Amino acid sequence: MSKKYLRKNEFRMDNNPNHFGIKKKPHPAYITAKHKHMFKANTITHSREIADGSKTYEIGENPNKLSKDKRRTRISPPFWQKEEQFGKEKLNNFRFSKKTRKKIKKFNKRFK
């Protein structure tokens, strides 16, 4: 029996213009799964709402370890998107703690 999708734990830039913020720049995205040529991801932002009007969930820690930004970090509801709409390179300076990854996994289960 094969898996439905491959689990991922990586960060890439979300280059979809529908997910850009007010400044019209891409946001980093936390990718949790891959199926064929699609990624399941959560956009990382500081805003309470994203472009389509859906509410974001506060996770607290900033995953960018090089950033001095102390604002509370939030994630969007999970979405499936084509692989081409993400950046080609992984963002290596981004990390979530094990506790935060569990929190995100629990949040994503609400949207099945």
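In the charge count used here, Lys and Arg are positive and Asp and Glu are negative, while His and the chain ends are left out. Keep that in mind for the second exercise, and note that this is a predicted model.

**Exercise 1. Find out which pattern of strands and helices the protein follows along its sequence.**

Step 1: Start with the inventory, which is one helix and six strands.

Step 2: Now put these elements in order. Reading along the sequence gives β-β-β-β-β-β-α.

**Exercise 2. Work out how far apart the mean positions of the positive and negative charges are.**

Step 1: Count the charges with the rule above. The protein has 33 positive and 10 negative ones.

Step 2: Take the mean position of each group. The two means lie 7 Å apart.

**Exercise 3. Decide whether the radius of gyration agrees or disagrees with that of a compact globule.**

Step 1: For 112 residues, a compact globule would have a radius of gyration near 13 Å.

Step 2: The protein has 13 Å, so the value agrees with the globule rule.

Step 3: For a fuller picture, add the spans of the C-alpha trace along its principal axes, about 45 × 30 × 25 Å. Of the 112 residues, 38% count as buried.

**Exercise 4. Sort the side chains of strand β6 by the face to which they point.**

Step 1: Recall the general rule. Side chains in a regular strand alternate between the two faces of the sheet.

Step 2: Apply it to residues 79–82. F79 and Q81 share one face and are buried, whereas W80 and K82 point to the other face and are not buried.

Step 3: Look for the partner of β6. Strand β3, residues 38–45, pairs with β6 in the antiparallel sense over four bridges. Across this pairing, K40 stands opposite W80.

**Exercise 5. Classify T43 and K36 as buried or exposed.**

Step 1: Use the cut-offs: under 20% relative accessible area is buried, and over 50% is exposed.

Step 2: T43 sits in strand β3. Its relative accessible area is 4%, so T43 is buried.

Step 3: See what surrounds T43. Beyond its neighbours within four places in sequence, T43 is in contact with several residues, among them D14, H27, R74 and F79.

Step 4: Turn to K36, in the loop between β2 and β3. With a relative accessible area of 67%, K36 is exposed.

Step 5: Check the backbone of K36 too. Its phi is positive, about 55°, although K36 is not a glycine.

Key:
Residues numbered from 1 in each chain as written. Predicted model: local features only at pLDDT ≥ 70, side-chain atom pairs only at ≥ 80, totals over all residues. Heavy atoms only, no water. Helix = DSSP H or I, 4+ residues; strand = E, 2+ residues; numbered from the N terminus. Rg over C-alpha atoms; globule rule 2.2 N^0.38 Å. Buried < 20%, exposed > 50% of the residue type's maximum accessible area, 1.4 Å probe, protein only. Charge placed at Lys NZ, Arg CZ, Asp CG, Glu CD. Pairing = 2+ DSSP bridges. Contact = heavy atoms within 4.5 Å.
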